[in-house]
Amino acid sequence: MKQTKRFGILLSAVLLVLAGCSKPQPKADTIITNAKVYTVNAQQPWAEAVAVQGERILFVGSAKDARKHRGSETKVIDAGGRLLLPGFEDSHVHFVSGSLSLAKVDLAGTRTVEEVQARIRKFAQEHPEAAWVQGRGWMYSAFPGNMPHKKFLDEVVPDRPAIMTCADGHTSWVNSKALALAGIDRRTPDPENGKIVRDENGNPTGALLEAADAPFEKIIPQPTPEETLAALREGLREAARVGVVRVHGEGGEFEALDLLDKIRGEGNLTVRFSVTMWVSPPGLSADDWKAYEDARLKYNDEWIALGGMKLMLDGVIDSGTGAMLDPYEGQVKDKGKLFWEPEAYKKAVAEINSKGIPVSTHSIGDAAIRLSLDAYEGGARVSGNSDLRNKIEHAEDIAAPDIPRFGALGVIGSFQPLHANPDPTWMGAWIQNVGPEREKRAWAWKSVLDGGGRLAFGSDWPVVTINPWLGLQVAVTRQDMEGKPEGGWIPEQKLGLADAVYAYTMGGAFAMRREKDEGSIEAGKLADLILLSQDIFEIDPHKIAETKPVLTMVGGRIVLETR
Ligand SMILES: [Zn+2]
């Protein structure tokens, strides 16, 4: 008895020594401390400090406990009480065309001819080397009669051809030099799927609707691989600037895999890529399968990986090309049309899913969305796989009975919140085309979530900016950047801020099958972090769009710091 007690005391002493000294804490490369950490991890939603070792998170917790990971080489960043979030993931971009668009005039947000002209004039002066002056992002309402005229463009670009694409992507505005180069004059007939806007004498005014701008595809010089590479580098900088650390490439990236790999080889890749391969009707050829399989074998790590196949089922509601179950408002027959024959589409989905590969489908109108859900249901049945993570892209107008099917079938609603910006100059045609009944179910992300479905948010850059903070503001306010309409557009679809942040972080990670490694701040996950200029949980939601990362870290490396 006596001996046992003595032995017990000895053992306790040994254990004390072991706990106190012989188990040194691993040392961090970086500690971000004195932060307000919102982890997006329900087990530990808030913390004060994050320790990073190599590419991964070593520790999340109190500032005091983080100190134990401090070594002589550790870089300590005092966050000054700022909000730290997981890096944002963009579940729908066109990163190559987005990057190339950075070298064009950005006309987004311009409201008058003078503003439009000032931006173009400045760009033309700064880029004397550009053979063509190209731009995008103007809106009809900026011009008299809601349509641009070549004379406004001739005034600021008289010496070179110039072409500016509308924010909706459906109308081009060109100057006289460009019209002459394309050989478009009063004798040119309208093409089948387009219209040349003309004055009272039949002369082109410089506005070209839909396919009427097709001749320019042949005469505008395509970027060389070097130019694309330079653009991608700018695109990566832009992503770091706005806090985007991973993207789901929805078109154009597959063809640029080797360029992305080259940047990675130089150690300069600062965005992680999940890349889809585009599949067109009538479906996949043996060559398509080989191309996918070759790419999948080559690219399958946390920086560049294949992320499924992309199909496009319809157009857009704004121009009446989205596929609807019932005719467009004021139309007797016109319901838009499906780009795929339904059976061919279902067959393609089943074929892809049966190999365990996820599908993302561009489906905007309620008929296209329903067909996608039907096809995904079939894909799950044929493959026997209920965890395929198929996505529906845009899903702008879901028929009410289809909303619970997202949850029931495990289909991800891939929305781009900034597309739901209710600014009348942006949304007017959409609202007019669907009419009042179908307007009520516009961008029904809250209903999809409440129905048990998952959300993944993105931008569709370059259709709108890759900057997620504007979209986040729209997701929670359902208002335009001026705070209109009062109370929000279809306010029952407003998301809580935490749910919206989730859709931009864990939601994207889940959609890209990366949730074990990304999407939240947890020990063991990749150290992809953003420290923000302001605390979005504390400020007026109408100011969320002004948020900027002051520090962006990807894989433990600081890729942006502006503090
Ligand atoms: Zn897209």
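The second largest pocket of this predicted model has a volume of about 420 Å³. Elsewhere in the structure there are a zinc ion held by H92, H94 and D460, an open sheet of 8 strands with parallel pairing, and an open sheet of 4 strands with mixed pairing. A search of the whole structure also finds 2 cavities of 30 Å³ or more. The points below take these features in turn, beginning with the pocket.

**The second largest pocket**

- The lining of the second largest pocket is made up of 23 residues, and those nearest its centre are L306, G307, P358, M512 and R513.
- Three elements, α10 (286-298), β17 (304-312) and β18 (359-363), each give two or more residues to this lining, and β17 provides the largest share, with 4 residues.
- When the residues lining the second largest pocket are sorted by class, 10 are nonpolar, 7 are polar and 6 are charged.

**The sheet of 8 strands**

- Following the strands across this open sheet gives the order β8-β15-β16-β17-β18-β19-β20-β21, and the pairing is parallel.
- Because β8 and β21 stand at the edges and each has a single partner strand, one side of each is left without a neighbour in the sheet.
- From one strand to the next, the twist of this sheet averages 25°.
- Within the sheet, strand β15 (residues 244-249) and strand β16 (residues 272-278) run parallel and are joined by 4 bridges; one place to look is V247, whose bridge partner in β16 is F273.
- In general, the strands of a sheet pair through backbone hydrogen bonds, and they may do so in either a parallel or an antiparallel way.

**The sheet of 4 strands**

- This open sheet has the strand order β5-β4-β1-β6, and its pairing is mixed.
- Its edge strands are β5 (56-61) and β6 (75-78), each of which pairs on one side only, while the twist averages 15° from one strand to the next.
- Strand β1 (residues 30-33) and strand β4 (residues 49-53) run antiparallel and are joined by 3 bridges, and here I31 can be found opposite A51 in β4.

**The zinc site**

- The protein donors of the zinc ion are H92 and H94, each through its NE2 atom, together with D460 through OD, and these donors lie 2.1 to 2.2 Å from the ion.
- Along the chain, the donors of the zinc ion follow the spacing H-x1-H-x365-D.
- The pair H94 and D460 links distant parts of the chain, 366 residues apart, with H94 in the loop between β8 (88-93) and α3 (95-101), and D460 in the loop between β21 (454-457) and α16 (468-477).
- Because a residue counts as buried when its relative accessible area is under 20%, H94, at 15% relative accessibility, falls into the buried class, and D460, at 7%, is likewise counted as buried.

**The two cavities**

- A probe the size of a water molecule, rolled over the atoms, shows where empty space is left.
- The largest cavity has a volume of about 70 Å³, and of the 14 residues that line this cavity, G458, S459, N467, P468 and Y504 are the closest to its centre.
- Both β8 and α16 supply at least two residues of the lining of the largest cavity, with the largest share, 3 residues, coming from β8.
- The lining of the largest cavity divides into 7 nonpolar, 5 polar and 2 charged residues.
- The second largest cavity has a volume of about 50 Å³, and its lining consists of P86, G87, E89, V245, E518, G519, S520, L526 and D528.
- By class, the lining of the second largest cavity holds 3 nonpolar, 3 polar and 3 charged residues.

**A residue in helix α6**

- A182 lies in helix α6, which covers residues 176-182.
- Since partly exposed residues are those between the limits of 20% and 50%, A182, at 21% relative accessibility, counts as partly exposed.
- Measuring from C-alpha to C-alpha in the model, A182 and P161 are 9.9 Å apart in space, and the two residues are 21 residues apart in sequence.

Technical notes:
Residues numbered from 1 in each chain as written. Predicted model: local features only at pLDDT ≥ 70, side-chain atom pairs only at ≥ 80, totals over all residues. Heavy atoms only, no water. Pairing = 2+ DSSP bridges. Axes fitted to C-alpha atoms, helices over the stretch in contact; angles between N-to-C directions. Donors = N, O, S within 2.8 Å, 3.2 Å for Na, K, Ca; no water. Buried < 20%, exposed > 50% of the residue type's maximum accessible area, 1.4 Å probe, protein only. 1 Å grid on protein atoms, 1.4 Å probe; cavity = no way out; pocket = protein on both sides within 12 Å on 5 of 7 lines; lining within 4 Å. Points joined across faces, edges and corners; volume = space filled by probe spheres on them. Nonpolar A, V, L, I, M, F, W, Y, C, P; charged D, E, K, R; others polar.
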